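This report goes through selected local features of one protein model. The sequence and the structure come first, followed by the notes.

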Amino acid sequence: MKRYALLFPCLFLAVFSCKKDKPFTQSANATYSNGPVDSLKINQISILASHNSYHLKTDSVVFAFLLHVDSSGILGSGLDPRELDYIHLPLTQQLVNYKIRGLELDVWNDPTGGHYYYRGMYSLMGLPSASGIDILNMPGFKIMHIPDIDFNPTNYTFVDALTEIKTWSDAHPNHLPLFINIETEVSAPGDMYALSNFVHAVPFDATAANELDLEIKSVFGADLNSIITPDMVRGNYPTLEQAVLAGNWPTLGAARGKIMFITDPDGTSGDVYISGHPSLQGRAAFVYVNPGTPEAAFVKLNDPVGGFTQIQQAVKQGYIVRTMSDDATLEARSGDYTNQNAAFASYAQIVSTDYYKPDYRAGTPGWSNYHTVLPGGGPGRVDSISAPTQLGLGVLRE
């Protein structure tokens, strides 16, 4: 969402003119071990994740309008609507068919329901704006990329996406830990410009932060037994970061069948989620923050080329790093593997992509066969710069 912050005013103009580790328990029905690799800590493995995992094709009428406006040159450089032109499979298919072990969900606060029921761009174009999707009238976090503009998801609500994830997880109790990014959105097109057709984002306040945890618990249970929480990783250490730097992550064997949530803050939403919960005490999710803060455990370094050395340093220190192998459909069009090669060579533990399979137009003019597969072809691999060298680069099961 953040990269399109300047798009909407342009559209308006176009239209109108020494602590001991706390023990972890193995999933109850996990029945096998991968041998020595299951003694690895979870920061010593790498997995492949999908970016904006819920994203479906942008509404065809809206997309055609965006392309028309772009052809006029009004939008300028860096505001290319073609960056929205990618499609993901349902979450379960990603997990099953493409061995994705990381997902990303953009969530929008909607405590009373109905806030995102109407499509502002339709109204702006003189079309009926009601979505006709009843579940959007229910209270709770909604999932979409950009309200009023790019609003088609595989799952309309956070709870629905979590339920699908839990169903798959329960059916695969030995799976590698799942890493679920939750981007807590606070800036919508209506916030960028005074346009009555477009909604403002509902603030992500303290109530919303608590509600996020409650929605997770509503699906996974109040005890969060299947969730690896910040409290579990912190154990007896004074801060979460101290525990991470001491290597107090759970082992892979103990983490099989479990899930980790990491909030990816938009604006100040990360500060809100942390407030009153130092080192994320009592929270269900981690937060992407910079090293050197008490809550630092997960670090986001999305540029694997420019940030290559920084990524490797953070991995060696014990943090879990997320980076990206591609962005904005550029690689799918050009076939350039530079970022992907750097992402894998950096040994960032979470490598995010829009293309775990080639684009459906691959081989046609303007589209390449670009896609991302974790080295070895499995759902995970041993991270060679943080794991014991004798374990090599083995492919991990499940």
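## Helix α14 and the residue after it

In helix α14, which spans residues 338–346, the buried residues are Gln340, Ala342, Ala343, Phe344 and Ser346. These buried residues pack against α12 (308–317), β8 (320–324), β9 and β10. The model is a predicted one.

Tyr347 comes just after α14 and takes a positive phi of about 65°.

## Other positive phi values

Most residues other than glycine have a negative phi. Ser279 is a residue other than glycine with a positive phi, near 55°. Ser279 lies in the loop between α11 (269–274) and β6 (286–287). Its relative accessibility is 3%, so Ser279 counts as buried.

Thr329, also not a glycine, has a positive phi near 65°. The loop that holds Thr329 runs between β8 and α13 (330–334). Thr329 is buried because its relative accessible area is 3%, under the 20% cut-off.

## Packing of α5 and α7

Two packed helices are described by the angle between their axes and the distance between the axes. For helix α5 (residues 158–171) and helix α7 (residues 206–220), the axes come within 9 Å and cross at roughly 35°. The crossing of α5 with α7 is right-handed.

On the α5 side, the residues in contact are Phe158, Val159, Leu162, Thr163 and Lys166. They meet Leu212, Glu215, Ile216, Ser218, Val219 and Phe220 of α7. By class, this contact of α5 with α7 comprises seven nonpolar, two polar and two charged residues.

## Ile259 in strand β5

Ile259 is located in strand β5, residues 259–265. With a relative accessibility of 1%, Ile259 counts as buried. Which residues is Ile259 in contact with, leaving aside its neighbours within four places in sequence? They are Ile165, Ser169, Leu178, Ile180, Phe220, Ser226, Ile227 and Ile228.

Phe220 appears among these contacts of Ile259, and Phe220 is also one of the α7 residues that meet α5. Between Ile259 and Thr229 the C-alpha to C-alpha distance is 8.9 Å, with their positions 30 residues apart in sequence.

## The largest cavity

The volume of the largest cavity is about 30 Å³. Its lining consists of Ala49, Ser50, Gly102, Leu103, Glu104, Phe179, Asn181, Arg322, Ile350 and Ser352. Two or more lining residues come from each of β1 (45–50), β2 (102–108), β4 (178–185) and β9 (350–353).

The strand that gives the most to this lining is β2, with three residues. By class, the lining of the largest cavity has four nonpolar, four polar and two charged residues.

## Tyr356 in the loop after β9

Tyr356 is placed in the loop between β9 and β10 (380–382). Is Tyr356 buried or exposed? Tyr356 has a relative accessible area of 4% and is therefore buried.

Not counting residues up to four places away in sequence, Tyr356 touches Leu48, Ser50, His88, Leu89, Gln94, Tyr98, Ile100, His371 and Thr372. Ser50, one of the residues touched by Tyr356, is also part of the lining of the largest cavity. Tyr356 and Asn97 are 259 residues apart along the chain, and their C-alpha atoms are separated by 9.9 Å.

Key:
Residues are numbered from 1 along each chain as its sequence is written. This is a predicted model: local features need pLDDT of at least 70, side-chain atom pairs count only at pLDDT 80 or more; totals for chains, interfaces and linings use all residues. Side-chain values use heavy atoms; hydrogens and water are left out. Axes are lines fitted to C-alpha atoms, for helices over the stretch in contact, and angles run from 0 to 180 degrees between N-to-C directions. Helices (H or I, at least four residues) and strands (E, at least two) are DSSP runs, numbered from the N terminus. A crossing is left-handed if the near helix is turned anticlockwise from the far one by less than a right angle, and right-handed if clockwise. Contact means heavy atoms within 4.5 Å. Ala, Val, Leu, Ile, Met, Phe, Trp, Tyr, Cys and Pro count as nonpolar, Asp, Glu, Lys and Arg as charged, and the others, Gly among them, as polar. On a 1 Å grid over the protein atoms alone, a cavity is a set of points where a 1.4 Å probe fits but cannot get out, and a pocket is an open set with protein on both sides within 12 Å along at least five of seven lines; lining residues have an atom within 4 Å of a point. Grid points are joined across faces, edges and corners, and a volume is the space filled by probe spheres set on the points. Buried means under 20% relative accessible area, exposed over 50%, partly exposed in between (1.4 Å probe, protein chains only).
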